[in-house]
Amino acid sequence: MAKATRTSACSTPARQYACELSVAAGSVQGVSGDPELEQQMERLAQERWPEVVAIVDALAGRADRQGEWATNAGSPLAGDDRNSAPYQVSHAFQLLLNAGIDNLNAVRHLIFGRPGRPLERAVLHQAAHFTLGRDAIANFATVLWILGPERRAVRVERTLRWHAKNVSDQHAVIDRFSQGTGPHRTKEQKMLRLEEVLRRGNGVVPEKFRRGYFDSEVMKYVDSLRGVDPDRALTSHFIWQLCSGFAHGRPWAQLSFLEQETKPTNDDGILHLRMTSNLMRALAAPMHAVDLCEQLLNRHEKLNTPLFASATLG
């Protein structure tokens with residue numbers, strides 16, 4: 001059986017896990033039904049879970065500290081904020097980052113309980129952790145989509161597209177409840193304000209700006225940013241799609257990725273199918289989310305570094 005090796009492409013624990021899982025299993029379906037492979041992956045997950053839990057606990061602690069990710073004067077990010085005010089790029093970063101950390105912290109508590117409880121006392125649901133993992137991946141990937149481009153104009157545009165999506169989603173939900181409740185800005189007024197800010201910062205409003213963005217667009221961008229072959233199984237796009245399948249109760253996700261045990265029933269041609277998760281399967285999404293979070297924090301640190309030492313004085 002092929003063994004995973006440590007290479008530059010697998011430099012972080014999350015990427016090492018992805019490489020080990022890819023090399024050992026070959027495909028998601030390849031893991032299921034092979035007892036030896038199952039045991040190997042379970043041992044691997046038991047090694048990696050404590051790393052993930054420690055990282056999540058550290059991230060949750062950082063998220064609780066006021067000013068932890070404050071924007072530094074003289075940094076490229078401060079310039080982004082000026083061009084996007086009052087819809088600062090850094091504010092979108094913090095909202096999405098905190099949401100993703102909260103998702104990961106929920107996975108940690110769901111499976112292992114609060115900090116201080118022995119990790120050996122894990123409790124696994126069939127699929128709830130996949131839903132939380134999906135949301136963590138989506139939030140962190142969206143930050144990378146916003147901060148990833150080298151050009152400020154693109155970062156500002158994507159931030160404002162994120163806000164345009166927020167406006168559309170907001171009014172699709174609340175407009176029916178806000179009739180006659182007092183003066184409120186309409187959807188059109190908010191969109192015009194976003195376009196005004198974008199035109200001021202970038203000089204132009206692109207066609208279809210008001211459509212915002214799509215999660216699939218974000219995932220494909222992140223995979224390209226990370227240099228991932230889209231034909232490989234363990235891309236951000238693939239893991240997000242798999243977790244979305246679980247979130248929506250899709251049979252294809254359950255039948256492809258969960259352990260299965262069949263038993264006969266009294267009805268001809270119908271079997272009872274019991275499907276369960278395990279620590280290896282449950283680890284795939286949060287481990288990938290941790291890797292994305294590490295990458296986005298590195299990118300944020302670069303953008304938040306003052307260009308000149310004198311910019312931090314006075």
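**View A. Gln260 stands opposite Met275 of strand E2 in the hairpin of E1 and E2.** The model is predicted: local features need pLDDT of at least 70 and side-chain atom pairs count only at pLDDT 80 or more, while totals for chains, interfaces and linings use all residues. Residues are numbered from 1 along each chain as its sequence is written, and side-chain values use heavy atoms, with hydrogens and water left out. Strand E1 (residues 259-264) and strand E2 (residues 271-276) run antiparallel and are joined by 6 bridges. Two strands count as paired if DSSP finds at least two bridges between them. Helices (H or I, at least four residues) and strands (E, at least two) are DSSP runs, numbered from the N terminus. Another facing couple consists of Thr262 and, in E2, Leu273. The hairpin has 6 residues between the strands, and Gly269 takes a positive phi near 75 degrees there.

**View B. The protein chain holds 12 helices and 2 strands.** Read from the N terminus, the order of elements is α-α-α-α-α-α-α-α-α-α-α-β-β-α. Of the 314 residues in the protein chain, 44% are buried. Buried means under 20% relative accessible area, exposed means over 50%, and partly exposed lies in between (1.4 Å probe, protein chains only).

**View C. Trp49 and Phe112 form an aromatic pair, one of 5 in the structure.** A pair of aromatic rings is described by the distance of the centres and the angle of the planes. Rings of Phe, Tyr and Trp (its six-membered ring) pair if their centres lie within 6.5 Å; planes under 30 degrees apart count as stacked, over 60 as edge-to-face, and the rest as tilted. Here the arrangement is edge-to-face, with 5.1 Å from centre to centre and 70 degrees between the planes. Trp49 belongs to helix H3 (residues 35-63) and Phe112 to helix H5 (residues 89-112), so the pair links distant parts of the chain, 63 residues apart. Both Trp49 and Phe112 are buried.

**View D. Phe130 and Phe257 form an edge-to-face aromatic pair.** Their ring centres are 5.9 Å apart, with 70 degrees between the planes. Because Phe130 lies in helix H6 (residues 128-147) and Phe257 in helix H11 (residues 251-257), the pair ties together parts that are 127 residues apart in sequence. Phe130 and Phe257 are both buried. Together with Phe246, Phe130 and Phe257 make up one aromatic cluster. The ring of Phe257 also has the charged end of Arg281 over it, 6.0 Å from the ring centre. A charge sits over a ring if NZ of Lys or CZ of Arg is within 6 Å of the ring centre and within 35 degrees of the ring normal. Elsewhere, the charged end of Arg158 sits over the ring of Tyr221, at 4.4 Å from its centre.

**View E. The largest cavity encloses about 50 Å³ of space.** Among its 11 lining residues, Ile239, Leu242, Phe257, Ala284 and Ala285 are the closest to the centre of the cavity. A cavity is a set of points, on a 1 Å grid over the protein atoms alone, where a 1.4 Å probe fits but cannot get out; lining residues have an atom within 4 Å of a point. Grid points are joined across faces, edges and corners, and a volume is the space filled by probe spheres set on the points. Helix H10 (236-247) and helix H12 (279-303) each give at least two residues to the lining. H10 has the largest share, 4 residues. By class, the lining of the largest cavity holds 10 nonpolar, no polar and 1 charged residues. Ala, Val, Leu, Ile, Met, Phe, Trp, Tyr, Cys and Pro count as nonpolar, Asp, Glu, Lys and Arg as charged, and the others, Gly among them, as polar.

**View F. The second largest cavity holds about 40 Å³ of space.** The structure has 2 cavities of 30 Å³ or more. The second largest cavity is lined by Trp49, Val52, Val53, Val56, Leu104, Val107, Arg108 and Pro286. H3 and H5 each supply at least two of the lining residues, and H3 gives the most, with 4 residues. This lining divides into 7 nonpolar, no polar and 1 charged residues.

**View G. Ala54 is placed in helix H3.** Ala54 counts as partly exposed because its relative accessibility is 47%. From Ala54 to Arg108 the C-alpha to C-alpha distance is 9.7 Å, with their positions 54 residues apart in sequence.

Note on methods
On a 1 Å grid over the protein atoms alone, a cavity is a set of points where a 1.4 Å probe fits but cannot get out, and a pocket is an open set with protein on both sides within 12 Å along at least five of seven lines; lining residues have an atom within 4 Å of a point.
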